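These are my notebook entries on helices, a hairpin and a few single residues. I kept each entry short.

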Amino acid sequence: MAKTLVQEFTKGLWAEIPPFRLVLGLCPTLAITNTLENAYGMGVAVTFVLTFSNILISALRKIIPPKVRIVAFIVVIATFVIVVELVMQAYTYALFLKLGIFIPLIVVNCIPMGRAEAFASKNGMVRSALDGLGLGLGYTIALSVLATFRQVIATGAITIYETPISLFGPAFEPFRFLVEAPGAFICLGLMLGLMNILGKK
Amino acid sequence: MFGDLAVLFFSCVLINNILLIQYLGNCPFLGTSKKMETATGMAMAVVFVLVLAGIITWLVELYVLVPFNLKYLRTMAFILVIAALVQFVEMFLKKSIPALYTGLGIYLPLITTNCAVLGVCLINIQEEYNFFQMLISSFAYSAGFGLALVLFAGVRERILLARTPRPFQDTAIGLVTAGMLSLTFFAFKGWV
């Protein structure tokens with residue numbers, strides 16, 4: 001059963017939305033969802049890498065020998081990660097500093113690697129591009145939802161661009177726990193449980 | 001000198017635990033912690049590879065990337081070094097130490113995409129550690145990884161026996177448990 005092109009795109013937004021349905025790429029999900037700005041910045045970076053690595057790997061899928069495919073995929077993904085790294089360093093330096101080590105670590109993020117292996121090496125360029133774009137967008141949405149929840153409850157403010165905007169006024173008692181490490185794990189766990197309830201067939 | 005290194009060691013194992021505080025290497029953390037045997041196998045493999053990878057990437061940075069002004073290729077150079085190293089270690093162990101090879105088994109190839117390995121190598125460079133500090137930090141971070149993984153596997157084996165609500169089974173409850181474990185490591189903050 002071949003999917004239509006629209007379905008290739010939309011499956012990433014709900015049916016296979018990472019990191020909830022495909023439990024991949026957890027490290028950045030936990031680490032950078034402390035503010036909304038970090039979350040969608042990371043999401044956009046991953047989307048870029050995922051889309052372009054999918055396109056290139058799909059274009060090269062008949063040339064890459066199966067035995068060295070993993071190394072070939074890593075080289076392709078690493079190339080685009082370096083592009084993202086340099087672009088962010090040049091144009092969004094503050095965000096680059098905040099995301100820090102998690103930008104180079106997109107190389108070992110399971111999502112681009114997983115999609116290269118499971119999808120781009122078997123499908124055409126248009127389909128792979130839509131697949132990458134859809135999953136990347138889904139990842140961005142998922143990170144943003146998680147980050148909004150964590151940041152609003154934990155600090156009573158939300159960062160859309162650079163400066164946090166206070167939402168509840170001075171009477172709000174911040175719940176710092178949620179932006180610290182333990183809160184990240186518990187939030188993501190609860191979110192996964194919630195998605196399981198919503199998605200029950 | 002010795003005191004500083006000891007402080008570095010304990011802060012890498014406990015205060016900045018790679019899994020629970022720095023959030024690196026979570027995919028194998030959740031994937032291999034369902035049984036104690038797989039957890040110890042993974043922990044040993046990570047210690048072994050991470051110390052070697054730390055040394056080699058540190059030398060690559062010092063003697064290849066910096067002199068030839070290729071720092072912007074660091075990400076690619078490091079991941080390729082790690083991938084090649086893992087492959088090499090696998091072949092070497094298979095030939096000369098088969099007992100260790102069967103012990104580590106399928107966990108060796110998985111390490112290439114373990115972000116804790118690449119992460120620690122990058123941290124070593126960013127913090128501008130010298131050789132001994134790099135050695136201590138590589139070993140201590142991987143020991144911290146093993147400690148957290150084995151503790152978590154012990155807890156998770158018990159959870160299998162408990163009655164969890166259906167939507168929370170497996171990964172969801174695993175993450176909540178990891179949060180509790182992370183809270184205990186959090187208590188070490190302010191110790192040094």
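**Entry 1: a helix pair in chain B.** I looked up α3(B) and α8(B) and found them roughly antiparallel to each other, because angles over 145 degrees count as roughly antiparallel (under 35 is roughly parallel, 65 to 115 roughly perpendicular, and the rest oblique). Helix α3 of chain B covers residues 36–65, and helix α8 of chain B covers residues 131–159. Their axes come within 9 Å and cross at roughly 165 degrees. The axes are lines fitted to C-alpha atoms, for helices over the stretch in contact, and angles run from 0 to 180 degrees between N-to-C directions. The crossing of α3(B) and α8(B) is right-handed: the near helix is turned clockwise from the far one by less than a right angle, whereas anticlockwise would be left-handed. I then sorted the contact of α3(B) with α8(B) by class: 17 nonpolar, six polar and one charged residues. Nonpolar means Ala, Val, Leu, Ile, Met, Phe, Trp, Tyr, Cys and Pro; charged means Asp, Glu, Lys and Arg; the others, Gly among them, are polar.

**Entry 2: how to read this model.** This is a predicted model, in which local features need pLDDT of at least 70 and side-chain atom pairs count only at pLDDT 80 or more, while totals for chains, interfaces and linings use all residues. Residues are numbered from 1 along each chain as its sequence is written, and chains are lettered from A and ligands numbered from 1 in the order in which they are written. Helices (H or I, at least four residues) and strands (E, at least two) are DSSP runs, numbered from the N terminus.

**Entry 3: a helix pair in chain A.** I turned to helix α3 of chain A, residues 36–59, and found that its axis and that of α7(A) come within 8 Å. They cross at roughly 165 degrees, so α3(A) and α7(A) are roughly antiparallel to each other. This crossing is right-handed. The contact of α3(A) with α7(A) has 18 nonpolar, 13 polar and one charged residues.

**Entry 4: the span of α7(A).** Helix α7 of chain A, residues 125–155, has 31 residues. From first C-alpha to last, α7(A) reaches 44 Å, close to the 45 Å expected at 1.5 Å a residue. The expected span is 1.5 Å times one less than the number of residues. Gly156(A) follows α7(A) and has a positive phi near 70 degrees.

**Entry 5: a hairpin in chain A.** How many bridges join β1 and β2 of chain A? I found four, in the antiparallel sense, between β1 (residues 157–161) and β2 (residues 163–166). Strands pair if DSSP finds at least two bridges between them. Tyr161(A) has Thr163(A) as its bridge partner, and Thr159(A) stands opposite Pro164(A). One residue lies between the strands of this hairpin; Glu162(A) in the turn has a positive phi of about 65 degrees.

**Entry 6: positive phi in chain B.** Most residues other than glycine have a negative phi. I noted Glu128(B), with a positive phi near 55 degrees, in the loop between α7 (115–126) and α8. Glu128(B) is exposed, because it has 8 C-beta neighbours inside 10 Å (12 or fewer is exposed, 20 or more buried, in between partly exposed; C-beta atoms are placed from the backbone). Asp170(B) has a positive phi near 65 degrees and is partly exposed, with 16 other C-beta atoms within 10 Å.
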